[in-house]
Amino acid sequence: MTVEEELASLSPDKDTLLTIGVFDGVHLGHKHLISRLVEQARQQDLLPGVVTFRQHPLEVLSPQTELSFLTDLAERSKLLKNEGVEIIVPLSFTNELSQLSARQFVSLLKKYLRMRGLVIGPDFALGR
């Protein structure tokens with residue numbers, strides 16, 4: 001399934017404010033970012049959402065790297081929901097996704113997830 005097909009299978013019923021990341025473990029730094037997301041979404045009457053990945057991007061970008069995870073996708077989703085996230089979008093991180101420019105990826109998020117803004121942390125990178 002392509003990135004666009006995965007996104008097209010979702011249809012939020014209102015505009016969203018999103019953040020993007022793996023969010024393994026949902027640690028204190030994640031919680032701080034998510035609290036900002038939820039607060040800003042409420043102020044703007046938007047749905048707070050997280051775009052996350054079914055597998056870590058390094059599994060595709062650097063397959064020789066050994067990774068261990070603190071949480072699986074189901075546990076991660078539960079932790080994110082407990083922080084006030086209302087929509088969780090798990091995407092498959094593929095070579096296709098890794099080749100999208102920031103502009104292309106943001107266009108897809110706007111089109112399919114009704115994204116009106118993006119809350120990011122200091123070490124965030126977007127797009128190829």
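This is a conversation between a student and a tutor about a predicted protein model.

Student: How do you know how far the predictor trusts this model?
Tutor: Look at pLDDT, the predictor's confidence in each residue on a scale from 0 to 100. The protein averages 92, and 100% of the residues score at least 70.

Student: Which elements have the lowest and the highest mean pLDDT?
Tutor: Helix α3, residues 58-61, has the lowest mean at 76, while strand β4, residues 115-118, has the highest at 98.

Student: What makes up the secondary structure?
Tutor: You will find six helices and four strands. Starting at the N terminus, their order is α-β-α-β-α-α-β-α-α-β.

Student: Why does the radius of gyration agree with a compact globule?
Tutor: A compact globule of 128 residues would have a radius of gyration near 14 Å, and this protein has 14 Å, so the two agree. If you would like dimensions as well, the C-alpha trace spans about 45 × 30 × 25 Å along its principal axes.

Student: How much of the protein is buried, and how much area does it expose?
Tutor: Buried residues make up 41% of the 128. The exposed area is about 7300 Å², with carbon and sulfur atoms supplying 49% of it.

Student: What share of the contacts with a separation of 6 or more comes from residues 24 or more positions apart?
Tutor: That share is 80%.

Student: How many charged side chains are there, and how far apart are the centres of the two sets?
Tutor: There are 14 positive and 16 negative side chains, and the centres of the two sets lie 6 Å apart.

Student: Let's go through some single residues. Why is serine 98 called buried?
Tutor: Buried means under 20% relative accessible area. Serine 98 has 12%, so serine 98 counts as buried. You can find serine 98 in helix α5, residues 95-98. Setting aside residues up to four places away in sequence, serine 98 touches Leu61, Phe93 and Arg128.

Student: Is histidine 30 buried or exposed, and how do you know?
Tutor: Use the cut-off of 20% again. At 15% relative accessibility, histidine 30 counts as buried. Histidine 30 belongs to helix α2, and beyond its neighbours within four places in sequence it is in contact with Phe23 and Asp24.

Student: What is notable about the phi of valine 26?
Tutor: Phi of valine 26 is near 45°, a positive value in a residue other than glycine. Valine 26 sits in the loop between β1 (16-20) and α2 (28-43). With a relative accessible area of 5%, valine 26 is buried.

Student: And what about the phi of aspartate 45?
Tutor: Aspartate 45 is not a glycine, yet its phi is positive at about 55°. Aspartate 45 lies in the loop between α2 and β2 (47-53).

Student: Why is aspartate 45 called exposed?
Tutor: A residue is exposed if its relative accessible area is over 50%. Aspartate 45 has 56%, so aspartate 45 is exposed.

Student: What makes alanine 102 partly exposed?
Tutor: Partly exposed covers the values between the 20% and 50% cut-offs. Alanine 102 has a relative accessible area of 30%, so alanine 102 is partly exposed. Alanine 102 is in helix α6, residues 102-113. Leaving out neighbours within four places in sequence, alanine 102 is in contact with Leu126, Gly127 and Arg128.

Student: How far is alanine 102 from serine 9?
Tutor: Their C-alpha atoms are separated by 21 Å, and the two residues are 93 residues apart along the chain.

Student: Why is serine 35 called partly exposed?
Tutor: Serine 35 has a relative accessible area of 38%, so it is partly exposed. Serine 35 lies in helix α2. The C-alpha atoms of serine 35 and glutamate 83 are separated by 7.1 Å, with the two positions 48 residues apart along the chain.

Student: How do you know that glutamine 104 is partly exposed?
Tutor: Glutamine 104 comes out at 41% relative accessibility, so glutamine 104 counts as partly exposed. Glutamine 104 is found in helix α6. From glutamine 104 to serine 35, 69 residues apart along the chain, the C-alpha atoms are separated by 27 Å.

Conventions. Residues numbered from 1 in each chain as written. Heavy atoms only, no water. Helix = DSSP H or I, 4+ residues; strand = E, 2+ residues; numbered from the N terminus. Rg over C-alpha atoms; globule rule 2.2 N^0.38 Å. Buried < 20%, exposed > 50% of the residue type's maximum accessible area, 1.4 Å probe, protein only. Contact = heavy atoms within 4.5 Å. Areas by Shrake-Rupley, 256 points an atom, 1.4 Å probe, with all protein chains shown as cover. Lys, Arg positive; Asp, Glu negative; His and termini not counted. Charge placed at Lys NZ, Arg CZ, Asp CG, Glu CD.
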